[in-house]
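Open the model in your viewer and show it as a cartoon. The tour below goes from one selection to the next.

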Amino acid sequence: MRGVLLQQEMRRAQEKMKGEVEEAALRAALEDDPFNPELQARLADAIRQQNVQSNLELAHEHMPESFVKVAMLYIPAVVNGVKVNAFVDSGAQSTIMSKRCAERCGIMRLVDTRYAGQAVGVGTAKIIGRVHMASLVIAGQHFPCTFTVLDQDDMDFLFGLDMLKRHRCCIDLKRHLLTLEGGDGTIEVPFLSEGEMRGTTDARFLPGGDGGDGDGDGDG
């Protein structure tokens, strides 16, 4: 790790020196031809690149954690007796389940296809329909939950804003857990670690995967 950091530091120093040399050469050329629009544009771009490099160095010094991939927030849950990992996403309008996961949980028989449509967010997906109410078990407590079922397999179960608000959830990043208001009072559920998430089928939201922040979905 130390060797990698040293290589990165050397590369940044080389890029900075290269930028300074290029800027000095352009300034010298402009002294001979001060009204040359091409040289002026190149100098402006060189100055911009130097500003970007300085900003990068400040970030490396004061916010090194911003260059590390952030693990997504998952909690363990049970739907119809089947264990699933729920991706907690307050940026998604609705709670979503893939068709594959719904089949595994045995709730496809409850899908109301009158709510079929198109989900629009980061990309689009076909909405097969909606399960109006099914039991979601978290930390041993039952929570009534509505699922929008999508015809896509890059995620299994996304616990969206609708159910987060319905069950008065609080995403506690300081303590790395989710709190929910259940019938027996407030419960606290620690988020799963990266090690616990190995082998998940939600490849879209794994650290280092292709997914980004959660996406909302359209109305049926």
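**First stop: Arg109**

Select Arg109 in this predicted model: Arg109 is exposed, because its relative accessible area of 65% is over the 50% cut-off. Arg109 belongs to the loop that runs between α3 (99–105) and β4 (117–121). Show its side chain and the backbone of Gly106: the Arg109 side chain comes to 3.4 Å from the backbone oxygen of Gly106. Next, add Val131 to the selection. Arg109 and Val131 are separated by 22 residues in sequence, and their C-alpha atoms lie 8.9 Å apart.

**Second stop: a three-stranded sheet**

Now select β8 (170–172) and β10 (185–190), then add β9, residues 177–182. These three strands make an open sheet in the order β8-β9-β10, with antiparallel pairing. β8 and β10 are the edge strands; each has a single partner strand, so one side of each has no neighbour in the sheet. From one strand to the next, the twist averages 25°.

Keep β9 and β10 in view. Their antiparallel pairing extends over six bridges. Which residue of β10 stands opposite Gly182? Zoom in on Gly182 to find Gly185 across from it.

**Last stop: the whole chain**

Clear the selection and show the entire protein chain. It has five helices and ten strands. Of its 220 residues, 37% count as buried. Switch on the surface: the chain exposes about 13,200 Å², and carbon and sulfur atoms supply 53% of that area. Among contacts with a separation of 6 or more, 56% come from residues 24 or more positions apart.

Conventions: Residues are numbered from 1 along each chain as its sequence is written. This is a predicted model: local features need pLDDT of at least 70, side-chain atom pairs count only at pLDDT 80 or more; totals for chains, interfaces and linings use all residues. Side-chain values use heavy atoms; hydrogens and water are left out. Helices (H or I, at least four residues) and strands (E, at least two) are DSSP runs, numbered from the N terminus. Buried means under 20% relative accessible area, exposed over 50%, partly exposed in between (1.4 Å probe, protein chains only). Contact means heavy atoms within 4.5 Å. Accessible areas come from the Shrake-Rupley method with a 1.4 Å probe; for residues, only the protein chains shown count as cover. Two strands pair if DSSP finds at least two bridges between them. Axes are lines fitted to C-alpha atoms, for helices over the stretch in contact, and angles run from 0 to 180 degrees between N-to-C directions. A polar contact is a pair of N or O atoms within 3.5 Å; within protein, one must be able to donate a hydrogen and the other to accept it, and residues adjacent in sequence count only if both atoms are side-chain atoms.
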